[in-house]
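Work through the exercises below with the sequence and the model open. Try each task before reading its solution.

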Amino acid sequence: MDDLTEIARFFLQQEAQIKGEEIDVSKINLFKVIHEDVDGDGQEEVCLVAGIHHPWSSVGDCILLDPSQDGQYVPTILSSMYGFRDLQVSDINKDGIPEIVLLDQSGSGAFLTLQICQWNGKTLKSLFPEGGFYQGFYETKDLDADGVDEVLIWQGEWTESLGGGPLRWKPKHFDIFIFYYNCQTGRYELQFSHSTERCYNPGDIVQRSYGGLIGQALEGGHRATSVNEYHQQLKVLIENQQVNENFVDELRGHRKVLVEEGFYEEALEITDLTLEAVKYLANPTIRNQFLIELSREKGMTFSFLGNYSGAVNSYLQALSFWTDNISTDPPVYYHRELGMMYLAMGDYRHALDSLSAEKTLLELLDISVEDNRAELSRLNSNFGLTYARMGEPDLAITSFQKAIDLDKELENKFGLVINYMGKGNVQRTLKNYQEAIHSYQAALRVLDKVSQRDLESDVYLELGSTLVLNDQPKEGLQYLQKALLLTSVRNLKQREAIHYLYLGEACRELNQLSLAVQFFQKAITFAEEFETPEIKWQSLYGLALTYQHQGQLTACQQALENAINTIEQLRSQYLPETFKISLFAEKGKLYEAMVLFCLSSTLEQAFNYMERGKSRAFIEQLATTEIVNAVGIPQKLAEQETQLLGELRCLQLRHRGTLSQQQYEWGDEITQIEEQLEQLWDEIRGTNAKGAEYVALRQGKTLDFAGVKSTLNTL
């Protein structure tokens, strides 16, 4: 890194001399360095930006260092930058050749210049039109699910500076320009633009803390300029036993900047580096407090990336650190946030566990305090979301209404939007589409007063889906497309699969089947990557119906089988019977579709799926119902089973009794009993044929067509 810094200083000094300018080379630092084979010659080039950091901009040059045959670097200055924001190297147009992407945001963030180019070893080819964008903001999204991201540029309205120009940063409309890559011309071309209906504060759209990975000024007179340099600094501090709280605070501040700027991978790397630095703090109390807070921050960063399993692990670490080292209870919201990570993964049992844990702790606090009431509103909202996912509409609507009442009292407008939307989603599941639409419209009326792009996008997303279900697919598709345009990349990371699922459903209703397949497949990819089974099975179901319309029967059957397998993985969770029955009630349509499909070809398969579907609600009660006179089962084993099932029923009754209080505490005792039952059933199964039949009944395994015939033959 030091060598690259010296190389950059040498070339920048040469350039300054050619221009007849003076430059203080001691102030030149590396802003970002990427090692990548950008010209396909088998050798890594070094692409870097170096310059001088100023409070509102970072002036410098982007330099490409191409290794020659004698091992020396041949420099090429790609661009001079007056407000460096970021450097990226990625094959964004999926043509097999990496693109160099340069973002320059000068004038205190008021002007964006975007360069997308390719280097062939000798010359630089530009792929993006020249020009700047006032209050511009750059992001990429795959709007048509073809696997190639489109380039989106937000541009604010120009406002003349009036005596200092504060009007520039007041709420205003934005235009969104969409550029598609044209394979024929090899360039990005403007396809269409969209003007926002609502005004946004430019500071919410255009980040003003520029410099990409530029560090903030530090106490002690030194400055870090990149993640790599932080690694080097930590190494030196460790060797000299000088790691202190100031350095840790500085790293955390840098992570905050990276998150605000949308650099989530780099923020995660800084968080890991900070966790490493904390280990060398001398004061154990301060060290433990940092470990707790940093573990939570890591979990939040994982969630921004859509990595919910990583988020869960980080939150569990934070709570573990707290339990082991702090005598008081952790902040109540730790449990709620953890619960939402579990919910995103479809782990309803642990989601309810976590929310219930917060509710217990919150009841110990003074609920008349405004902050505690605001947290109670968020808890009710999250309970509503969980109940809705589990197919408990009455409980969900009650919870959302409690949150709405509190938000009105507290004048929490963003909370109102979220909870009106949540209530609308439940009304949609009940097929009360007009009531749902009214709820979404209520949310939009609130957004007329306090616009926020991600919340507006989320409301459009749910409204669009409801219109599709209400036999208004054309209007619904327009809202869904608008939702995808408006949402930020961070929000999209968390909700990408849902966007593509809903778009797939709209296109299927409009008989745009090829496009529907693309959207469903994209949704499945993200649902699998980020472990969100609810979205996965719905996407597979929609894909199956689309394949059926296209006459692709083998693909249809495979998608249905995958969807059913996904559902039955959800079924393996332990939940109170009432929850488990309602959880699968809405999924019966999937079994019905499979039965109807099989009727046209294989009657045995149709019978098997019909039995599996019918059993799903019934079997959960049957598996823990007392069976008198278990014929053919050794008495000692039968008595052991009776005792274990009795203990299990007592636990179920306890949980059902606390249902209305929103308290769920399964703990390890459920797992221990289930493990003992499995061992006992293995022993019973090995006794005789009657034992195997008995265990199959207990475990909720339906007889297939062959099994029915075999049973009839024994009569």
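The exercises go from the whole chain to single residues. The model is predicted.

**Exercise 1. The chain as a whole**

Task: State how many helices and strands the protein chain has, and what share of its residues is buried.

Solution.
- Step 1. Count the elements. The protein chain holds 26 helices and 13 strands.
- Step 2. Turn to burial. Of the 715 residues, 52% are buried.
- Step 3. Look at contacts between residues at least 6 apart in sequence. Of these, 57% join residues at least 24 apart.

**Exercise 2. An open sheet and its helix**

Task: Give the strand order of the open sheet with 4 strands, and find the helix that packs on this sheet.

Solution.
- Step 1. Read the order. The strands run 10-11-12-13, and the pairing is antiparallel.
- Step 2. Find the edges. Strand 10 (137-141) and strand 13 (187-195) each pair on one side only.
- Step 3. Take the twist. Neighbouring strands of this sheet are turned by 25° against each other on average, direction ignored.
- Step 4. Add the helix. Helix 15 (residues 473-486) packs on the sheet and touches strand 10, strand 11, strand 12 and strand 13. The direction of helix 15 makes about 125° with that of strand 10.
- Step 5. Check one pairing inside the sheet. Strand 11 (residues 150-156) and strand 12 (residues 174-182) run antiparallel and are joined by 6 bridges. G156 has F174 of strand 12 as its bridge partner.

**Exercise 3. Strand 6 and its partners**

Task: Which strands are joined by bridges to strand 6, and how many of the residues of strand 6 are buried?

Solution.
- Step 1. Start with strand 5 (residues 84-90). Strand 5 and strand 6 are antiparallel, with 6 bridges between them. The bridge partner of Q88 is V101, in strand 6.
- Step 2. Go on to strand 7 (residues 111-119). Strand 7 and strand 6 are antiparallel too, joined by 7 bridges. I100 is opposite C117 of strand 7.
- Step 3. Count the buried residues. Strand 6 (residues 99-106) is mostly covered, with 7 of its 8 residues buried.

**Exercise 4. A helix pair**

Task: Describe how helix 6 and helix 7 cross, and sort the residues of their contact by type.

Solution.
- Step 1. Take distance and angle. The axes of helix 6 (residues 284-304) and helix 7 (residues 308-325) come within 7 Å and cross at roughly 165°.
- Step 2. Classify the angle. Angles over 145 degrees count as roughly antiparallel, so helix 6 is roughly antiparallel to helix 7.
- Step 3. Assign the hand. Helix 6 passes helix 7 in a left-handed crossing.
- Step 4. Locate the contact. Helix 6 contributes residues including N288, L291, I292, R296, K298 and F302. Helix 7 contributes residues including Y308, A311, Y315, A318, F321 and W322.
- Step 5. Sort the residues. The contact of helix 6 with helix 7 has 10 nonpolar, 9 polar and 2 charged residues.

**Exercise 5. Positive phi in two loops**

Task: Place Q135 and A145 in the chain, and decide whether each is buried or exposed.

Solution.
- Step 1. Recall the background. Most residues other than glycine have a negative phi.
- Step 2. Take Q135. The phi of Q135 is positive, near 50°. Q135 lies in the loop between strand 9 (132-134) and strand 10. Its relative accessible area is 0%, so Q135 is buried.
- Step 3. Take A145. The phi of A145 is also positive, near 60°. A145 lies in the loop between strand 10 and strand 11. With a relative accessible area of 9%, A145 is buried.

**Exercise 6. Two buried helix residues**

Task: Which residues do V312 and N491 touch, leaving aside neighbours up to four places away in sequence?

Solution.
- Step 1. Place V312. V312 sits in helix 7. Its relative accessibility is 5%, so V312 counts as buried.
- Step 2. List its contacts. V312 is in contact with L338, M341, Y342 and M345, sequence neighbours within four places left aside.
- Step 3. Compare sequence and space. V312 and L338 are 26 residues apart in sequence, and their C-alpha atoms are 6.2 Å apart.
- Step 4. Place N491. N491 lies in helix 16 (residues 489-509). The cut-off for buried is under 20%, so N491 counts as buried at 9% relative accessibility.
- Step 5. List its contacts. N491 touches D454 and D458, residues up to four places away in sequence not counted.

Note on methods
Residues are numbered from 1 along each chain as its sequence is written. This is a predicted model: local features need pLDDT of at least 70, side-chain atom pairs count only at pLDDT 80 or more; totals for chains, interfaces and linings use all residues. Side-chain values use heavy atoms; hydrogens and water are left out. Two strands pair if DSSP finds at least two bridges between them. Axes are lines fitted to C-alpha atoms, for helices over the stretch in contact, and angles run from 0 to 180 degrees between N-to-C directions. Contact means heavy atoms within 4.5 Å. Angles under 35 degrees count as roughly parallel, over 145 as roughly antiparallel, 65 to 115 as roughly perpendicular and the rest as oblique. A crossing is left-handed if the near helix is turned anticlockwise from the far one by less than a right angle, and right-handed if clockwise. Ala, Val, Leu, Ile, Met, Phe, Trp, Tyr, Cys and Pro count as nonpolar, Asp, Glu, Lys and Arg as charged, and the others, Gly among them, as polar. Buried means under 20% relative accessible area, exposed over 50%, partly exposed in between (1.4 Å probe, protein chains only).
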